[in-house]
Amino acid sequence: ENGKYYVYNMESKTGSKLSESPEGAGNSSIHANGKTVYTIDNNIGLFTGKGHKLSTKNKDKNIVSGQAIARSEFGITGGIFWSPSGEKIGFYQKDETHVHDYPLLDINSTPGELSSIKYPMAGQKSEKPRIGIISTKNGKAKYLETYGNEEDHYLTNFGWGPNEEFVYVAEVNRDQNHAKLLKYNAKNGKLVKVLFEEKNDKWVEPEHPVYFLPGSSNQFIWMSERDGFMNLYLYDTDGKLIKQLTKNKWVAQDILGVSADNSSVIFQGTGESPLNTMIYKVNVKTGEQTLLTKVEGTHRCQLSANRKMLFDSYSNHSTPLVEQILDLDGKIISDLGKFENPLANYQVGTADISSIKGKDGTLLHTRMIKPSNFDPKRKYPVLVYVYGGPHAQLVTNRWLGGAPLWMYYQAERDYIIFTVDNRGSANRGFDFESIIHRNLGDAEIDDQIKGVN
């Protein structure tokens, strides 16, 4: 409420204010210990219960602390990272001095007004990244001595080690074909070691930070698509590869956590069909992999705090929504509800999910939305809806085939709405996606034309 955070006891129905951020703050993040970090314009502020304190004091508006960098690529979604104990905070900083202003039209005002953002165009000057560490005891910031001092490299996937002595950063060169996982001393900011490197003649794209196994201070999981598909690799903190934990010919998407006995990693991936999102566990010692979600579809799961159960929410082409609790063998502990079709009383067309072969024979998935009164003897105007990737997938095994309602509304006005996920789109592996490398527009258009035909 207006930047204030409260803790509330559901049983006693009592609560109290826990923390706060000032008016105008953004990117607020609260730790379990009640401390709050936030951004004010281009600086970082901290609230520890004893008032507000600026941890960075950038007077130059081109120096921005605590916000996402690299235009939110490489899996970057924010710029502030709590240490496990909450005693320290890692943050991104960017120097946008040499980045051109890019004008945007604000259509909310009448007449429209121009506002500018910093946007590095291809081949032009980019931002200079930096990483800092804030001590929540004194609010002061120190900076890492980033490896090599390359001004136009990318610093990605910041992660804390479990004892907070070290932090880990994936550095990517400007050509984006060479990545290094770097280990830094969190106290003095010095580089400890380059743990390992990855190269590819197309691109290397780290998207997930180090994931340390609970109870271990020297073993972590790294996610990489170095073998053609995103898989899980087990490393130690000296950079030694212990084993490739998964060897799937499909895409692992995210790590949800580790089982209570620390034996298995719970992760999300497509499974055998790229239209699905399924949940698996893999035994760290044996590599044995188990599918936990038995029904095909798009599953969104969360591991419980005691790491013994999963909250599973899923839909598929024939099911609007199911919510349930699973144990870590995939057994249903509790049915929370199967939701009825919210469009049951509306006239809605169908989404036919199918596939075609692209120009080179690759299987491509399609979605065709038809009017509810579709007449195969008639001719209809067709709207081809395209988002060709990368990092995009439109045709999925979820309710309504992954399509927004406006497409069904438009179909009821006697249109056919057609989509094909062309080569270059997501969740099909490195070869499928990287065919567009330095060749944007050719493979995608070929596949879209195949779809139209």
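## A small census of the cavity lining

Let's start inside this predicted model. The lining of the largest cavity is a mix by class: four nonpolar residues, three polar ones and two charged ones. You can pick them out by name: Pro274, Leu275, His365, Gln393, Asp421, Ser425, Ala426, Arg428 and Phe432. The space they line comes to about 40 Å³.

How many cavities of 30 Å³ or more does a search of the whole structure find? The answer is one. If you're wondering how anyone spots such gaps, rolling a probe the size of a water molecule over the atoms shows where empty space is left.

## The largest pocket

Now for the pockets. The largest pocket holds about 1,200 Å³ of space. It is lined by 32 residues, and the ones closest to its centre are Glu73, Ala122, Tyr154, Gln176 and Pro390. Sorted by class, its lining has 16 nonpolar residues, nine charged ones and seven polar ones.

Keep an eye on Pro390, because there is a twist in the backbone there: the peptide bond joining Gly389 and Pro390 is cis, with omega at about -5 degrees.

## The second largest pocket

The second largest pocket has a volume of about 520 Å³. Of its 18 lining residues, Phe158, Gly159, Trp160, Pro209 and Val210 sit closest to the centre. Which classes turn up in this lining? It has 13 nonpolar and five polar residues, and no charged ones.

Which strand gives the largest share of that lining? That would be E14, with four residues. Strand E8 (80-82), strand E14 (154-160) and E18 each supply at least two.

## His208 and its neighbours

His208 is in the loop between strand E17 (191-199) and strand E18 (211-212). Is His208 buried or exposed? Its relative accessibility is 12%, so it counts as buried, the cut-off being under 20%.

Its side chain reaches the backbone oxygen of Gln253 at 3.3 Å. Setting aside residues up to four places away in sequence, His208 touches Asn157, Trp222, Met223, Met230, Gln253 and Asp254.

## Nonpolar cores

In soluble globular proteins, nonpolar side chains tend to be buried together. Here the largest nonpolar core has 20 residues, and Ile131, Leu144, Phe158, Val167 and Val169 have the most contacts inside it. Strand E12 (128-135), E14, strand E15 (166-172) and strand E16 (178-185) each bring at least two residues to this core. E14 gives the most, with four.

Take Leu144 as an example. Apart from neighbours within four places in sequence, Leu144 is in contact with Ile131, Ile133, Val167, Val169, Tyr184, Asn185 and Gly189. There is also a second, separate core of 19 residues, and Leu232, Phe267, Tyr280 and Val284 are among them.

## Backbone oddities

Time for some loops. The bond from Thr110 to Pro111 is a cis peptide bond, with omega near -5 degrees. Pro111 lies in the loop between strand E10 (101-106) and strand E11 (113-118). As for Pro390, it is found in the loop between strand E32 (382-384) and helix H1 (405-411).

His391 lies in that loop between E32 and H1 too. Its phi is near 60 degrees, a positive value in a residue other than glycine. With a relative accessibility of 42%, His391 counts as partly exposed.

Arg307 also has a positive phi, about 60 degrees, although it is not a glycine. You'll find Arg307 in the loop between strand E26 (298-303) and strand E27 (309-316). Its relative accessibility is 24%, so Arg307 counts as partly exposed.

## A polar contact at Ser12

One last stop. Ser12 is in the loop between strand E1 (4-9) and strand E2 (14-20). What does the side chain of Ser12 make a polar contact with? Its partner is the side chain of Thr14, at 2.8 Å. Ser12 itself is partly exposed, with a relative accessible area of 41%.

Key
Residues are numbered from 1 along each chain as its sequence is written. This is a predicted model: local features need pLDDT of at least 70, side-chain atom pairs count only at pLDDT 80 or more; totals for chains, interfaces and linings use all residues. Side-chain values use heavy atoms; hydrogens and water are left out. Buried means under 20% relative accessible area, exposed over 50%, partly exposed in between (1.4 Å probe, protein chains only). A polar contact is a pair of N or O atoms within 3.5 Å; within protein, one must be able to donate a hydrogen and the other to accept it, and residues adjacent in sequence count only if both atoms are side-chain atoms. Contact means heavy atoms within 4.5 Å. On a 1 Å grid over the protein atoms alone, a cavity is a set of points where a 1.4 Å probe fits but cannot get out, and a pocket is an open set with protein on both sides within 12 Å along at least five of seven lines; lining residues have an atom within 4 Å of a point. Grid points are joined across faces, edges and corners, and a volume is the space filled by probe spheres set on the points. Ala, Val, Leu, Ile, Met, Phe, Trp, Tyr, Cys and Pro count as nonpolar, Asp, Glu, Lys and Arg as charged, and the others, Gly among them, as polar. A nonpolar core is a set of buried Ala, Val, Leu, Ile, Met, Phe, Trp, Tyr and Cys residues joined through side-chain atoms within 4.5 Å.
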